[in-house]
Amino acid sequence: MLKKKSSWHDGQAVDTLIGAQVVLHGDLQFSGGLVVEGRIHGRVFAAPGQPATLTLGEAGLIEGVVDVPVVIVNGRIEGDVRATERVELAPRARVSGNIHYKVVEMRAGAVLVGQLMHLSEGEAAQAAAPVPAQLDALPEAANA
């Protein structure tokens, strides 16, 4: 059941929910608010020029590259993350891959196996509207 306001996703509007029993194989492009409680095996990226927020719940798992302006993680990501606005790693976050960020918040308990790589203003603006072919150029993280 969704609550109107949850502290781990800052009350962001939720347009799409991938429930705990859902397993998605393939790439996912979206805009607006996406909450993932299930599993995604593929790339997750924002529609070009659209605001987008990805919230990954405690039980959520993404195996693939994530390229979304705002990424809030409280589950597991196995792959690189590019956030042109903000990345929040909640206490139960587990990321195996590099994080390319403009602003990052990491709470006690979060685990990152990879590197934090700051995006300059120019890089963030240039990466704000990637096309799927550009996502292939991002190096995948080695499975830990």
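Reader: Is E105 buried, partly exposed or exposed?

Author: Good place to start! Keep in mind that this is a predicted model. A residue counts as buried under 20% relative accessible area and exposed over 50%, with partly exposed in between. E105 has a relative accessible area of 33%, so E105 is partly exposed.

Reader: Which residue does the side chain of E105 meet in a salt bridge?

Author: Here is the general idea: side chains of opposite charge can pair when their charged atoms come close. In this structure, E105 pairs with R107, at 3.0 Å from N to O. R107 is partly exposed too, with a relative accessible area of 34%.

Reader: How many salt bridges does a search of the whole structure find?

Author: The search finds 5. One of them links E78 and R76, whose closest N and O atoms are 2.6 Å apart. R76 counts as partly exposed, at 38% relative accessibility. Another joins R92 to E58, with 3.2 Å between the closest N and O atoms.

Reader: What does the pair of R92 and E58 tie together?

Author: For this, look at where each partner sits. R92 is in the loop between β13 (86-89) and β14 (94-96), while E58 is in the loop between β7 (52-56) and β8 (61-63), so their salt bridge ties together parts that are 34 residues apart in sequence. R92 is exposed, at 53% relative accessibility, and E58 is exposed with a relative accessible area of 53%.

Reader: Now the strands, please! How many helices and strands does the protein have?

Author: The protein has 2 helices and 18 strands. A general idea helps when you look at any of the strands: in a regular strand the side chains alternate between the two faces of the sheet. Let's take β4, residues 32-36, as our case.

Reader: Which strands do bridges join to β4?

Author: Among them are β1 and β7. Strand β1 (residues 16-18) runs parallel to β4, and 3 bridges join the two. There, I18 has V36 as its bridge partner. β7 also runs parallel to β4, joined by 5 bridges. V36 appears here again, with L56 as its bridge partner in β7.

Reader: Why is β4 described as largely enclosed by the rest of the structure?

Author: Count its buried residues: 4 of the 5 residues of β4 are buried, so the strand is largely enclosed. For the protein as a whole, buried residues make up 45% of the 144 residues.

Reader: Which residues touch the most other members of the largest nonpolar core?

Author: They are V44, L54 and V66, in a core of 26 residues. Several strands each supply at least two residues of this core, including β4, β7, β10 (70-73) and β13. The largest share, 3 residues, comes from β7. Try selecting L54 in the viewer. Leaving out residues up to four places away in sequence, L54 touches several residues, among them F30, L34, V36, V44 and V66.

Reader: How do β10 and β13 pair?

Author: β10 and β13 pair in the parallel sense, over 4 bridges. One example is V70, whose bridge partner in β13 is R86. β13 also pairs in the parallel sense with β16 (residues 104-106), over 3 bridges.

Reader: Which residue of β16 is the bridge partner of E88?

Author: E105, which brings us back to where we began! So you have now met E105 as the strand partner of E88 and as the salt-bridge partner of R107.

Technical notes: Residues are numbered from 1 along each chain as its sequence is written. This is a predicted model: local features need pLDDT of at least 70, side-chain atom pairs count only at pLDDT 80 or more; totals for chains, interfaces and linings use all residues. Side-chain values use heavy atoms; hydrogens and water are left out. Buried means under 20% relative accessible area, exposed over 50%, partly exposed in between (1.4 Å probe, protein chains only). A salt bridge is a side-chain nitrogen of Lys or Arg within 4 Å of a carboxyl oxygen of Asp or Glu. Two strands pair if DSSP finds at least two bridges between them. A nonpolar core is a set of buried Ala, Val, Leu, Ile, Met, Phe, Trp, Tyr and Cys residues joined through side-chain atoms within 4.5 Å. Contact means heavy atoms within 4.5 Å.
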